[in-house]
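Me: I would like to go through the labels attached to this model and ask what each one rests on. Please set the value against the criterion each time.

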Amino acid sequence: MSTTREFNFDGLVGPTHNYAGLSFGNVASSSNIKSASNPKEAALQGLAKMRALAQRGFGQALLPPQDRPNFKLLRQLGFTGTNAQMIESAARVSPVILACAYSSSPMWTANAATVSPSMDTADGRVHFTIANLNNKLHRSYEHTQTERALRHIFANEQHFSVHQALPPTPAFGDEGAANHTRLCAQHGAPGVELFVYGRSEFDSRIIGPKKFPARQTIEASQAVARLHGLKEAQTVFVQQNPDTIDQGVFHNDVIAVGSGNVLFYHQEAFVDEADAIARCRVAMQHVGAELNPIRVNSADVSVADAVSSYLFNSQLLAKPNGKMALLVPQECSENAAVAAYLKGLINESGAIDELLSFELRQSMRNGGGPACLRLRVALTDQQAQAMHQGVVFTETLYARLVTWVERHYRDTLAPDDLADPALAIEVQTALNELSEILNLPNLYEF
């Protein structure tokens, strides 16, 4: 009998991981601007998390980093000459543009796409819609390479359908799975797809945030649902609380996370909490499941504490015993309110009975926690066999990637280092070798 398993596709941190502070609205990213990063440590931290989960029996795979610097961006913005000349000119004229060209943000694969498993879609295939990420210059070019990678990995059209990104206009701002949650009784059963948006382009009744941008529109979420052929009764659209966006909750996955029938969320996550939970509950009943909402009260954990610790940017992992493990960043143990809450949560012996903590400080300092680093894809046994096997995480692949990182990544990368043309050559050499390791030819265009 065929079974369905959820795979976490983690982003492999790229060699140009740096702190340029390019993401307005992301408090952690902005607060660490222009400090030195450690790309090697960042990649090894990510690989350690992948390995630990794979050893526990969770489905684990990865998505590769993208080629950097983005010479197409530099050329489109008027820089000319050889690659080295473009880098040197951009560093002199506009270091911010050069930083955008070198961005390693594709490591956060929760923003790569929105995914609907075959149990939910009209044609019985797994659907992917690439996120356009058009709110930020440094991310707005990612969709081209993301689409190329996903079309390589999920090439079998009998099982998979990969949709190109939505039109790159403000009306269809789409940030992918960071604003999407699937709720279900089990991964192989029909589920409810919860889309969370921050604003509307066409409906003036929907009031957005005042300080920071709302990156997901309801129009984009509705378009993705149509592309995936989702049933209306199993699809819920909810507005994120604009006040929390203005406190640094730039994606829903910074204030809520769901898996299986569990929705773990903050009291201030949604515009109308009672209505949001009620509609999710009704939709779950439609598929024969019961919603298990776990609400974190503001009195116990403030929005500020949630943002600084990334409590909700965590992974909910279904275990064989029917319970769930919550994978949180180490910063949660360093925040008194969050640590106290988590201790009480585990002691309650409810749906979540285990806490896993990982050192992901390099990613966290750039504004991305455990949930940012992974794209969830539920696959039947047959679908799992049909995808490209070179990205499925194994001990052998782990060993090869650690060796590769140790050989090619720098220990320190400061903002001024981006002006060094040698860095671009290092990256090209590393990614060409990675293409061979993952058996993903023609993935990079230098």
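Me: What makes β12 and strand β13 a pair, and in which sense do they run?
Reply: The model is a predicted one. A pair needs at least two bridges; β12 and β13 (residues 324–329) have four bridges, in the antiparallel sense, so they count as paired. One of the contacts to look at is Leu317, whose bridge partner in β13 is Ala325.

Me: Which sheet has the order β12-β13-β14, and why are some of its strands called edge strands?
Reply: That order belongs to an open sheet of three strands with mixed pairing. The edge strands are β12 (315–318) and β14 (352–358), each of which pairs on one side only. Neighbouring strands in this sheet are turned by 25 degrees against each other on average, direction ignored.

Me: Which helices lie on that sheet, and at what angles to β14?
Reply: Helix α2 (residues 39–55) lies across β12, β13 and β14 and runs at about 150 degrees to β14. Helix α11 (residues 336–347) packs on the sheet by touching β13 and β14, and its direction makes about 140 degrees with that of β14.

Me: Why is the pair Phe264 and Tyr341 called stacked?
Reply: The ring centres of Phe264 and Tyr341 are 6.4 Å apart and the planes differ by 25 degrees. The limits are 6.5 Å for a pair and under 30 degrees for stacked, so both conditions are met. Phe264 lies in strand β10 (residues 262–266) and Tyr341 in helix α11, so the pair ties together parts that are 77 residues apart in sequence. Both Phe264 and Tyr341 are buried.

Me: How many aromatic pairs are there, and why is the one between Phe9 and Phe154 called tilted?
Reply: The structure holds nine aromatic pairs. For Phe9 and Phe154 the values are 5.5 Å centre to centre and 55 degrees between the planes. Stacked needs under 30 degrees and edge-to-face over 60, so an angle that meets neither condition is tilted. Phe9 is in strand β1 and Phe154 in the loop between α6 and β5, so this pair connects parts 145 residues apart in sequence.

Me: How do you know that Phe9 and Phe154 are buried?
Reply: Buried means under 20% relative accessible area. Phe9 has 1%, so Phe9 is buried; Phe154 has 3%, so Phe154 is buried too. Ring pairs also link Phe9, Phe128, Phe154 and Phe160 into a cluster.

Me: What makes Arg5 a charge over the ring of Phe7?
Reply: The distance limit is 6 Å from the ring centre. Arg5 is at 5.2 Å and lies over the face of Phe7.

Me: Why are β2 and β15 edge strands of their sheet?
Reply: The sheet is open, with three strands in the order β2-β1-β15 and mixed pairing. β2 and β15 (374–380) each have a single partner strand, so one side of each is left without a neighbour in the sheet. The twist from one strand to the next averages 30 degrees. β1 and β2 run parallel and are joined by five bridges, with Gly11 standing opposite Leu63 in β2.

Me: How do you know that the length of helix α6 fits a helix?
Reply: At 1.5 Å a residue, the 12 residues of α6 (residues 142–153) should span 16 Å, and the end C-alpha atoms are 17 Å apart, so the two agree. The buried residues of α6 include Glu142, Arg148, Leu150 and Ile153. Their cover includes β1 (4–11), β2 (59–63), β3 (113–116), β4 (126–130) and β5 (160–163).

Me: What makes strand β6 mostly covered?
Reply: Five of the five residues of β6 (residues 180–184) are buried. His180, Arg182 and Cys184 are on one side, Thr181 and Leu183 on the other, and both faces are covered. In a regular strand the side chains alternate between the two faces of the sheet. Five bridges join β6 to strand β7 (residues 191–197), antiparallel, and a hairpin of six residues connects β6 to β7. The partner of His180 in β7 is Phe195.

Me: Why is Ala178 called buried, and what does Ala178 touch?
Reply: Ala178 has a relative accessible area of 1%, so Ala178 is buried; the cut-off is under 20%. Ala178 sits in the loop between β5 and β6. Not counting residues up to four places away in sequence, Ala178 touches Ala110, Asn111, His251, Asn252 and Asp253.

Definitions and conventions:
Residues numbered from 1 in each chain as written. Predicted model: local features only at pLDDT ≥ 70, side-chain atom pairs only at ≥ 80, totals over all residues. Heavy atoms only, no water. Helix = DSSP H or I, 4+ residues; strand = E, 2+ residues; numbered from the N terminus. Expected span 1.5 Å × (residues − 1). Buried < 20%, exposed > 50% of the residue type's maximum accessible area, 1.4 Å probe, protein only. Contact = heavy atoms within 4.5 Å. Axes fitted to C-alpha atoms, helices over the stretch in contact; angles between N-to-C directions. Phe/Tyr/Trp six-rings, centres within 6.5 Å; stacked < 30°, edge-to-face > 60°. Lys NZ or Arg CZ within 6 Å of the ring centre and 35° of its normal.
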